[in-house]
Amino acid sequence: MRARTLLLAGAAAAVALGVAAGVMGRSTAWSFDPGLAVDGGLEQPLDVVLLDGDRLAVSDAGLGEVLAFDFKGVVAWRSAGPAEAPFGQPAGMVVDQGRIWVADAGLGRVVVLDEADGEVLEVLEITRVVDELTASVAAVAPADVARGDG
């Protein structure tokens with residue numbers, strides 16, 4: 001298996017380098033400068049996932065968006081989440097069957113995006129029971145999502 005190298009320029013984008021080790025399987029190198037690809041650059045990138053069609057998606061908590069980039073670092077699409085309630089803090093992501101599942105830590109939910117164009121497909125609100133006697137609930141701030149077998 002040949003590793004794909006992910007090169008990110010700019011101090012803010014360096015956070016995403018830890019995820020780069022998981023981008024495996026092709027010999028092509030990714031190289032882009034977020035300062036050139038996005039007006040003003042990325043502010044607080046938290047996660048990077050590999051998409052079909054040789055693209056990357058980056059969740060940026062500072063911008064409150066998920067952005068997809070092509071090989072040259074050009075923005076293919078960007079999503080601020082649902083129009084009625086934009087992302088609070090997009091964080092961890094996972095891709096499964098053409099969908100990007102985004103943990104929105106700021107608003108306690110998971111937002112499902114279409115991998116092709118970033119369109120919002122579904123919003124899953126997350127709460128947990130704090131007190132079963134009074135049925136009071138509290139918001140949960142998911143920081144990441146994962147895919148399971150089953």
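In which strand does Ser59 lie? Ser59 lies in strand E4, and the views below start from the whole chain before coming back to that residue. Please keep in mind throughout that this is a predicted model.

**Figure 1. The whole chain, with its 2 helices and 12 strands.**
Following the sequence from its start, you meet the elements in the pattern β-α-β-α-β-β-β-β-β-β-β-β-β-β. The protein chain has 150 residues, and 38% of them count as buried. Its accessible surface comes to about 7,900 Å², with 51% of that belonging to carbon and sulfur atoms. Among the contacts with a separation of 6 or more, 41% are between residues 24 or more positions apart.

**Figure 2. Confidence along the chain, where the mean pLDDT is 74.**
A pLDDT of 70 or more is reached by 63% of the residues. Over residues 1-37, by contrast, the pLDDT is below 50. This stretch still has 71 contacts in the model beyond near neighbours in sequence, and they are best viewed together with that pLDDT of below 50.

**Figure 3. The open sheet E3-E4-E5-E6, built from 4 strands.**
The pairing in this sheet is antiparallel. Strands E3 and E6 (75-79) are the edge strands, and each of them pairs on one side only. From one strand to the next, the twist averages 20°. Strand E3, which covers residues 45-51, is mostly covered: of its 7 residues, 5 are buried. A general point may help when you look at side chains here: in a regular strand they alternate between the two faces of the sheet.

**Figure 4. The hairpin formed by E3 and E4.**
Strands E3 and E4 (residues 55-60) run antiparallel and are joined by 6 bridges. One bridge pair to look for is Leu51 with its partner Arg55 in E4. How many residues sit between the two strands of the hairpin? There are 3 residues between E3 and E4. Gly53 is in this turn, and its phi is positive, at about 75°.

**Figure 5. Strand E4 beside strand E5, paired over 5 bridges.**
The two strands pair in the antiparallel sense. Here Leu56 has Phe69 of E5 as its bridge partner.

**Figure 6. Ser59 and its surroundings in strand E4.**
Is Ser59 buried or exposed? Ser59 has a relative accessible area of 0%, so it counts as buried. Leaving out residues up to four places away in sequence, Ser59 touches Gln44, Pro45, Leu46 and Asp47 among others. Its list of contacts also includes Glu65 and Val66, as well as Pro90, Ala91 and Met93.

**Figure 7. Glu65 in strand E5 (residues 65-69) and its polar contact with Arg78.**
Why does Glu65 count as buried? Its relative accessible area is 14%, and the cut-off for buried is under 20%. The side chains of Glu65 and Arg78 are joined by a polar contact of 2.6 Å. Once neighbours within four places in sequence are set aside, Glu65 is in contact with Val58, Ser59 and Asp60. Other residues in contact with Glu65 are Arg78, Ser79 and Ala80, along with Phe87 and Pro90. Ser59, the residue of the previous view, is thus one of the contacts to find here.

**Figure 8. A second open sheet, with 4 strands in the order E7-E8-E9-E10.**
This sheet also has antiparallel pairing. Strand E7 (90-96) and strand E10 (120-125) stand at the edges with a single partner strand each, so one side of each is left without a neighbour in the sheet. The twist averages 20° from one strand to the next.

**Figure 9. Strands E9 and E10, with Glu119 in the loop between them.**
Strand E9 (residues 109-114) runs antiparallel to E10, and 5 bridges join the two. Within this pair, Val112 has Glu122 of E10 as its bridge partner. Glu119 is partly exposed, with a relative accessible area of 45%. Apart from neighbours within four places in sequence, Glu119 is in contact with Val112, Leu113 and Asp114. For a distance to check in your viewer, take Glu119 and Arg99: they are 20 residues apart in sequence and 9.8 Å apart in space, C-alpha to C-alpha.

Terms used:
Residues are numbered from 1 along each chain as its sequence is written. This is a predicted model: local features need pLDDT of at least 70, side-chain atom pairs count only at pLDDT 80 or more; totals for chains, interfaces and linings use all residues. Side-chain values use heavy atoms; hydrogens and water are left out. Buried means under 20% relative accessible area, exposed over 50%, partly exposed in between (1.4 Å probe, protein chains only). A polar contact is a pair of N or O atoms within 3.5 Å; within protein, one must be able to donate a hydrogen and the other to accept it, and residues adjacent in sequence count only if both atoms are side-chain atoms. Contact means heavy atoms within 4.5 Å. Two strands pair if DSSP finds at least two bridges between them. Accessible areas come from the Shrake-Rupley method with a 1.4 Å probe; for residues, only the protein chains shown count as cover. Axes are lines fitted to C-alpha atoms, for helices over the stretch in contact, and angles run from 0 to 180 degrees between N-to-C directions. pLDDT is the predictor's confidence in each residue, from 0 to 100.
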